[in-house]
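Hi,

Here is the structure I said I would pass on. Have a look at it first, and my notes follow underneath.

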Amino acid sequence: MRTGMPKEAESSLSKVRAYVARYHAEFMATARGELFCTLCSTIVSHDRKFSVDKHRQSTKHRKAMSSTSQQR
Ligand SMILES: [Zn+2]
């Protein structure tokens, strides 16, 4: 019988997916179930919502966001 992933990893992955769904222009999920910021090309800790919010408010991220929107 296949047990799949431990509960903790599963809920972690669903968190990542929720962030990706909400901010699909900014994040993607890696194969390892990590939250990857496509604007900054960096892995973002998603353990706490605070970490993601903090990253989104960082200067680097906001600069990348504005340069992306200016490309149109
Ligand atoms: Zn970023």
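Start with His61: setting aside neighbours within four places in sequence, His61 is in contact with Glu26, Phe27, Cys37, Leu39, Cys40, His55 and Arg56. One caveat before you go further is that this is a predicted model. His61 sits in helix H3, residues 59-69, and its relative accessibility of 0% makes it buried.

One of those contacts, His55, deserves its own look. A 3.1 Å polar contact links the side chains of His61 and His55. His55 belongs to helix H2, residues 49-56. With a relative accessible area of 15%, His55 also counts as buried, since the cut-off for that is under 20%. Beyond four places in sequence, His55 touches Phe27, Cys37, Cys40, Thr42, Val44 and His61. Phe27, Cys37 and Cys40 turn up in the list for His61 and in the list for His55.

What coordinates the zinc ion? The donors are Cys37 (SG), Cys40 (SG), His55 (NE2) and His61 (ND1), at 1.9 to 2.3 Å. Note that His55 uses NE2 and His61 uses ND1, in case you want to set up protonation states by hand. Along the chain, these donors follow the spacing C-x2-C-x14-H-x5-H.

Which arrangement do the four donor atoms adopt around the zinc ion? It is tetrahedral, because the angles they subtend run from 104 to 118 degrees, and four donors count as tetrahedral if all angles lie between 85 and 135 degrees. For reference, the ideal angle for four tetrahedral donors is 109.5 degrees.

The two cysteines at the site are buried as well: Cys37 has a relative accessible area of 0% and Cys40 has 7%. As for disulfides, a search of the whole structure finds zero.

Now for the loops. Ser41 follows in the loop between strand E2 (35-37) and strand E3 (42-44). Is Ser41 buried or exposed? Ser41 is exposed, because its relative accessible area is 54% and the cut-off for exposed is over 50%. The backbone of Ser41 is worth a glance too: its phi is near 55 degrees, a positive value in a residue other than glycine. Most residues other than glycine have a negative phi.

Tyr23 is in another loop, the one between helix H1 (7-22) and strand E1 (27-29). Tyr23 counts as buried because its relative accessibility is 14%, where the limit is under 20%. Tyr23 and Arg56 are 33 residues apart in sequence, while their C-alpha atoms are 10.0 Å apart in space. Arg56 is also one of the residues in contact with His61.

Finally, the chain as a whole. How many helices and strands does the chain have? There are three helices and three strands, and from the N terminus the order is α-β-β-β-α-α. Of the 72 residues, 22% are buried. Among contacts with a separation of 6 or more, 28% are between residues 24 or more positions apart. The chain exposes about 5700 Å², and carbon and sulfur atoms supply 52% of that area.

Cheers

Conventions:
Residues numbered from 1 in each chain as written. Predicted model: local features only at pLDDT ≥ 70, side-chain atom pairs only at ≥ 80, totals over all residues. Heavy atoms only, no water. Helix = DSSP H or I, 4+ residues; strand = E, 2+ residues; numbered from the N terminus. Buried < 20%, exposed > 50% of the residue type's maximum accessible area, 1.4 Å probe, protein only. Contact = heavy atoms within 4.5 Å. Areas by Shrake-Rupley, 256 points an atom, 1.4 Å probe, with all protein chains shown as cover. Donors = N, O, S within 2.8 Å, 3.2 Å for Na, K, Ca; no water. Tetrahedral: all angles 85-135°; square planar, octahedral: opposite > 155°, others 65-115°. Polar contact = N/O pair within 3.5 Å; in protein donor to acceptor, adjacent residues only side chain to side chain. Disulfide = S-S within 2.5 Å.
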